[in-house]
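Biologist: I have not looked at this structure before. Please show me how to read its main features, one after another.

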Amino acid sequence: MPSSRTLVLLGIGHTNAEVVRRWIKRPIADTRLVCISKFPFATYSGMLPGTLSRQFEPTEMQIDLRALTKRAGAELILDEVTELDPATRTLHFAKRDALPFDVLSVGVGSMPAGWRDHRSPALVPIKPMQTFPSRLEERLGDGAGPKRCVIVGGGVAGVEVALCLDAGLAKRGLAERGQPQSYSITILTSGPQIADGMTNRSRRKLREILRARGIEVRTDYRVKEVDERSVGNGQDEPIAADVIIWATGAAAPPVLGRLGLATDERGFLALNPRLQSTDAEPIFAVGDCGTILQHPAPKAGVFAVRQAPVLWHNLRAALGAETAYQTYRPQSGFMKILNTGHGKALLEYKGHSAHARWCWWLKCWIDKRFVAKYQFRE
Ligand SMILES: Cc1cc2nc3c(=O)[nH]c(=O)nc-3n(C[C@H](O)[C@H](O)[C@H](O)COP(=O)(O)OP(=O)(O)OC[C@H]3O[C@@H](n4cnc5c(N)ncnc54)[C@H](O)[C@@H]3O)c2cc1C
């Protein structure tokens with residue numbers, strides 16, 4: 001007998017993927033599960049820098065959504081939503097029939113801020129992460145010539161990307177031609193310091209590591225001009241660049257503007273602590289794409305992961321499988337571990353900071369264990 005209700009997950013990132021995993025063991029009665037994704041696989045950002053340093057193959061950070069949804073008995077739609085009608089609870093697509101739903105969970109993540117203002121073949125935005133390794137590889141070419149790489153964005157992600165790219169380019173030259181490749185890496189960041197959100201101690205350590213590796217950092221540098229071979233701030237001499245990796249802070253992805261739901265001042269969906277849209281009870285949002293108005297938190301994967309049990313419970317409540325809703329409150333601090341690329345990582349927790357091999361082993365263990373939970377074979 002066909003199910004009488006439909007639960008739709010739009011975007012299968014950290015939180016919605018966990019809903020699919022839990023569905024495998026405990027599906028909600030009389031409910032059809034439909035997943036919508038732009039790509040047939042999801043990527044785990046914690047391992048992305050490790051692919052740049054050639055510590056992981058890109059496939060190791062991927063979750064095969066066809067296999068995951070098949071295991072859950074869910075339907076997978078690989079398409080883009082064009083519009084949402086909250087009144088009739090319907091999602092619209094450009095070229096396929098509209099999809100009515102009873103309950104919806106939006107988890108489409110975020111995009112780096114500002115890159116859409118520029119056009120250049122050298123520009124390689126960090127998202128979508130699914131295509132980032134191949135776009136970067138295309139731009140790096142065969143590795144024969146010198147490569148001047150610029151990372152726009154000196155947040156934690158930009159710094160980790162710079163360090164891992166450095167390690168990867170060093171290995172690449174040796175592997176391909178038996179000699180080191182000629183390259184340079186520069187981090188440009190609009191703020192006064194790198195790795196905002198980390199302690200002074202960690203930032204000092206990162207500065208030392210960057211200096212030792214010959215990675216230049218320019219603070220208070222807001223990129224305003226990008227062309228085929230350079231970036232500029234509109235004041236100083238432009239900086240030559242063959243590859244421009246855009247890894248600025250999180251901005252709202254354009255699809256959120258098409259949903260017609262209440263947003264915060266940055267365009268992320270406005271939520272209550274039950275993770276519901278402040279506009280529409282049966283619509284939930286999780287991870288980077290939502291902001292809980294009462295408890296705004298940084299856009300980081302750890303929050304998306306911690307939201308998963310609450311989301312799962314509340315989706316069940318919305319479909320009558322639980323009697324009461326739960327609320328989510330982000331934790332105030334969390335462990336940060338940055339891969340520095342040569343078999344070490346920098347770990348910061350509760351004010352302590354260490355740069356050591358054991359930190360990399362810990363990160364590797366956490367990341368591999370996390371992603372393995374979702375990796376099924378078709
Ligand atoms: C290089 C890098 C390293 C990072 N490392 C860490 C880390 O170590 N720890 C940490 O806590 N945070 C880290 N972050 C931040 C972390 O990636 C994000 O906070 C996290 O991915 C948010 O999870 P999410 O589920 O909201 O979004 P995502 O993981 O981005 O998932 C969203 C999914 O939705 C899909 N999607 C997007 N638009 C649509 C659409 N229109 N229709 C359908 N599907 C769509 C996307 O393809 C994606 O698969 C890192 C970020 C970067 C850039």
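**Domains, sheets and the ligand**

Modeller: The chain is divided into domain 1 (5-38 + 79-110 + 252-318) and domain 2 (119-250); the bounds come from an automatic or database domain assignment. This is a predicted model, in which local features need pLDDT of at least 70 and side-chain atom pairs count only at pLDDT 80 or more, while totals for chains, interfaces and linings use all residues. Residues are numbered from 1 along each chain as its sequence is written.

Biologist: What distance separates the centres of domain 1 and domain 2?

Modeller: The centres, taken over C-alpha atoms, are 33 Å apart.

Biologist: How do I read a sheet?

Modeller: Strands of a sheet pair through backbone hydrogen bonds, either parallel or antiparallel. Here two strands pair if DSSP finds at least two bridges between them. Strands (E, at least two residues) and helices (H or I, at least four) are DSSP runs, numbered from the N terminus. One open sheet has 5 strands in the order β5-β2-β1-β9-β21, with parallel pairing. Its edge strands are β5 (75-78) and β21 (283-285), and each pairs on one side only. From one strand to the next, the twist averages 20°; angles run from 0 to 180 degrees between N-to-C directions, with axes as lines fitted to C-alpha atoms, for helices over the stretch in contact.

Biologist: Which residues could I use to find the pairs in that sheet?

Modeller: Start with β1 and β2, which pair in the parallel sense over 6 bridges. The bridge partner of T6 is R32 in β2. Between these strands the chain passes through α1, and this β-α-β crossover is right-handed. That term applies if, with the strands pointing away from the viewer, the path from the first strand over the helix to the second runs clockwise. Next, β2 is joined to β5 by 4 bridges, and the two run parallel; C35 stands opposite L76 in β5. On the other edge, 3 bridges join β9 (residues 103-106) to β21 in parallel, and L104 stands opposite I283.

Biologist: Which strands does helix α1 touch?

Modeller: Helix α1 (residues 14-25) packs on the sheet and touches β1 (5-10), β2 (31-37) and β9, its direction making about 140° with that of β1. Two residues are in contact if their C-beta atoms, placed from the backbone, lie within 7 Å. Helix α3 (residues 65-72) lies across β2 and β5 and runs at about 175° to β2.

Biologist: At what angle do α1 and α3 pack?

Modeller: They pack at an angle of about 35°, with their axes 8 Å apart. The contact is made by A17, V20, W23 and I24 of α1 and by L68, T69, R71 and A72 of α3. By class these residues divide into 6 nonpolar, 1 polar and 1 charged. Ala, Val, Leu, Ile, Met, Phe, Trp, Tyr, Cys and Pro count as nonpolar, Asp, Glu, Lys and Arg as charged, and the others, Gly among them, as polar.

Biologist: What is the strand order of the sheet that contains β11?

Modeller: That open sheet of 5 strands has the order β11-β18-β12-β13-β14, again with parallel pairing. The edge strands are β11 (123-125) and β14, each pairing on one side only. Helix α4 (residues 132-140) packs on this sheet, touching β11, β12 and β18 (243-246), and its direction makes about 160° with that of β11. Strand β12 (residues 147-152) is joined to β13 (residues 183-188) by 6 bridges, with I187 as the partner of I151. In turn, 3 bridges join β13 to β14 (residues 216-218), where E216 is the partner of T186. β13, helix α6 (residues 200-212) and β14 make a right-handed β-α-β unit.

Biologist: How many residues surround the ligand?

Modeller: A residue counts as near a molecule if its C-beta atom, placed from the backbone, lies within 6 Å of it. There are 36 residues around the ligand, and the closest are G11, G13, S45, G109 and G287. Elements that give two or more residues to the shell are α1, β2, α2 (48-52), α5 (156-177) and α8 (301-318). Helix α8 gives the most, with 3 residues. The shell has 20 nonpolar, 12 polar and 4 charged residues.

Biologist: Where does the ligand lie relative to domain 1 and domain 2?

Modeller: The ligand lies between them, because both domains give residues to the shell around the ligand.
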